[in-house]
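These are my notes from going through one model, with the ligand site taken up before the internal cavities.

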Amino acid sequence: MTGTSKTSKRVLLVDLNNFARYPTMPIGYLARILRASDHDVSVFSPLSLGVQGVAREPRSGALTLATTKLNHRVAVSRYGWIRNLRDRIAAPRRSQLSAESDRVLREFGRRLQGEKPDVVLISSYLMYRDLCVAMCAAARRASVPVLLGGPYFAQMEVLTQWISIPGVTALVAGEIELEISRVVDTIIQGGSLSQFHGVFTLSKDGQLEGSVAPPLEDLDRVPFPDYSDFPWDLYPNRMVPVMTGRGCAWGACTFCSDVSSTSGRRFRSRSPQNVMAEIEHHYKENDVKNFVFTDLKLNGSLDVWRAILNGMQQVAPESKWIAAVHVGDDSNGGNGLSASELRAAAASGCVRLTTGLETGSQRVADLMRKGTAIDRTVRYLEAASAAGISCRCTMILGYPGEKAEDVAASAAFLREHAAHIGRISLNRFSIMTGTVFHRTLQKDPAHYPGLTQLQSNDAVAHVGHYYSEVSRRDYRKAMMGLLDAVHAINTRDLGSRAQDFEGAM
Ligand code: B12
Ligand code: SF4
């Protein structure tokens with residue numbers, strides 16, 4: 001709490017995004033903007049109690065393969081009650097923040113009593129709903145209004161499930177950071193919030209009022225995030241996230257919930273100058289040499305991509321960075337991923353790139369509208385690894401339409417190109433509310449043959465399902481082969497250059 005006047009309003013910002021490797025971006029933005037307008041801000045990060053969020057991709061050990069195979073069999077069981085039971089058992093294990101919510105809640109209560117904030121702002125992933133409900137109840141008992149926001153409230157079904165949580169004064173669905181000071185002051189004064197796009201309330205008779213704010217256009221107007229409140233000494237190393245643009249320049253993959261999230265709905269880029277100035281700022285102010293670009297596709301704006309390749313070592317000497325890229329086609333000026341550009345990326349400090357491989361079957365990639373050609377991805381992997389960049393690929397198993405031979409093609413792909421792949425993140429296909437896949441399914445349930453047992457849970461933006469193909473003997477056999485191929489890659493050493501980023505992306 002710095003530089004505030006006696007009359008300034010006290011804002012307690014709660015971070016239920018809590019990721020234990022680097023500070024949380026939306027919290028940093030909100031803190032910076034509120035402080036600039038003389039609000040007295042304090043941040044409650046559960047990590048300050050030692051409580052971490054989701055452990056991300058720990059390195060596979062010798063025993064992991066057997067457990068993974070068993071877990072996978074149970075997760076795709078034909079019996080809904082088995083899948084549900086597994087989910088219930090797995091949920092608290094996935095995140096320390098869920099498992100230790102009592103401790104976090106007690107500390108929140110102490111902060112409420114001690115700091116006596118005029119308003120509480122909570123930023124929450126949907127998975128932390130129970131904790132969020134308990135925090136709102138505590139704030140209500142203390143007569144403190146709560147403004148709730150998070151990365152996945154831009155879908156109406158989802159926000160409708162959260163707005164009615166007792167104690168929530170208003171819910172934010174949109175990138176409203178430039179308005180946040182006025183919104184906060186209006187809440188504290190008990191004024192009407194209907195003037196603000198992106199702020200939802202419930203009227204006395206329970207009617208939903210408000211509208212989802214359109215994507216924020218001029219991103220250069222947003223000041224650089226303030227990460228001074230985070231427990232820096234509890235991170236394994238000093239690393240900051242930087243987002244050079246919001247949304248994805250490809251944006252068409254049917255399964256993708258990043259592009260149905262609040263800030264991902266349409267592609268917009270910051271100017272290269274603004275991005276480079278932020279990198280320099282963190283380098284100097286926060287003494288940071290490790291950067292994670294959290295863009296969905298860092299090569300979305302080639303101007304920004306090339307500015308990083310050419311300028312990173314000038315503004316942040318000896319720094320290292322990682323990012324996600326989309327290996328699209330090379331027409332219209334290329335995708336920034338030629339062999340020479342990948343060498344330039346490595347020279348500028350890039351140690352790791354992640355890309356959506358998703359499948360080794362071109363047919364399934366096309367069903368997903370992935371916009372990638374597998375032979376082009378191979379050339380990318382070869383060139384990136386030759387340049388010394390560790391390549392991480394995400395993959396999806398069980399996409400409706402996928403057959404045993406497609407899974408076998410994925411496994412064969414991994415065996416053939418293992419030398420160029422550092423890590424695989426293999427995810428079971430899941431239907432998220434608001435994705436193209438979900439909207440298509442709503443319009444035409446027959447569009448995806450073999451998909452049954454649909455079970456919507458809008459509060460967590462998830463539709464449970466069963467895909468009958470996965471129970472076929474030949475599919476199961478191919479699936480085990482794929483798990484073997486993934487395991488063989490994920491047990492290897494990452495290589496010293498990328499080591500600092502192990503588990504970060
Ligand atoms: C970078 C990123 C990560 C990073 C860092 C996450 C972190 N906690 O900091 C990494 C790679 C580690 C990660 C991991 C995971 N992530 Co993630 N991640 C993202 C990503 C790509 C960008 C997040 C971001 O920083 N956005 C930029 C900021 C500025 O946007 P924003 O968060 O929406 O915030 C804006 C507004 O929403 C609003 N806002 C937000 N909160 C609040 C609060 C208040 C009070 C107000 C007024 C406004 C406000 O203001 C902000 C500025 O406009 C998003 C997708 C996306 N495009 O958002 C997914 C996303 C947030 N992740 C998601 C998930 C599911 C996960 C994982 C659980 C995946 C997994 N199974 O491992 C893990 C869990 C991590 C954890 N909690 O420990 C989901 C969350 C959905 C949900 N259920 O809530 C998303 C939306 C992706 C998706 N569509 O599925 N993630
Ligand atoms: S390229 Fe990635 S971020 Fe973009 S739409 Fe596809 S999955 Fe989503």
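I began with Ser 261, working on a predicted model, and found one of its polar side-chain atoms 3.1 Å from a nitrogen atom of ligand 1. I then looked up Ser 123, where a polar side-chain atom lies 2.7 Å from a nitrogen atom of ligand 1. For Leu 126 the partner belongs to the backbone: a polar backbone atom of this residue is 2.8 Å from an oxygen atom of ligand 1.

Next I listed the surroundings of ligand 1 and obtained 39 residues, the closest being Asn 17, Ser 123, Tyr 125, Glu 177 and Ser 257. Sorted by class, the shell around ligand 1 holds 21 nonpolar, 13 polar and five charged residues.

Which element gives the most to the shell around ligand 1? I noted helix 1, with four residues. Helix 1 (25-36), strand 3 (119-124) and strand 4 (146-149) each supply at least two residues of that shell. I also checked the domains, and the shell around ligand 1 takes at least three residues from domain 1 (10-54 + 98-209) and at least three from domain 2 (237-498).

I turned last to enclosed space, and recorded three cavities of 30 Å³ or more in the structure. The largest cavity contains about 50 Å³ of space, and its lining is made up of Tyr 29, Leu 219, Val 222, Pro 223, Phe 224, Arg 246, Arg 270 and Asn 274. By class, I entered the lining of the largest cavity as five nonpolar residues, one polar and two charged.

How values were computed. Residues numbered from 1 in each chain as written. Chains lettered and ligands numbered in written order. Predicted model: local features only at pLDDT ≥ 70, side-chain atom pairs only at ≥ 80, totals over all residues. Heavy atoms only, no water. Near = heavy atom within 4 Å. Polar contact = N/O pair within 3.5 Å; in protein donor to acceptor, adjacent residues only side chain to side chain. Nonpolar A, V, L, I, M, F, W, Y, C, P; charged D, E, K, R; others polar. Domains from an automatic or database assignment. 1 Å grid on protein atoms, 1.4 Å probe; cavity = no way out; pocket = protein on both sides within 12 Å on 5 of 7 lines; lining within 4 Å. Points joined across faces, edges and corners; volume = space filled by probe spheres on them.
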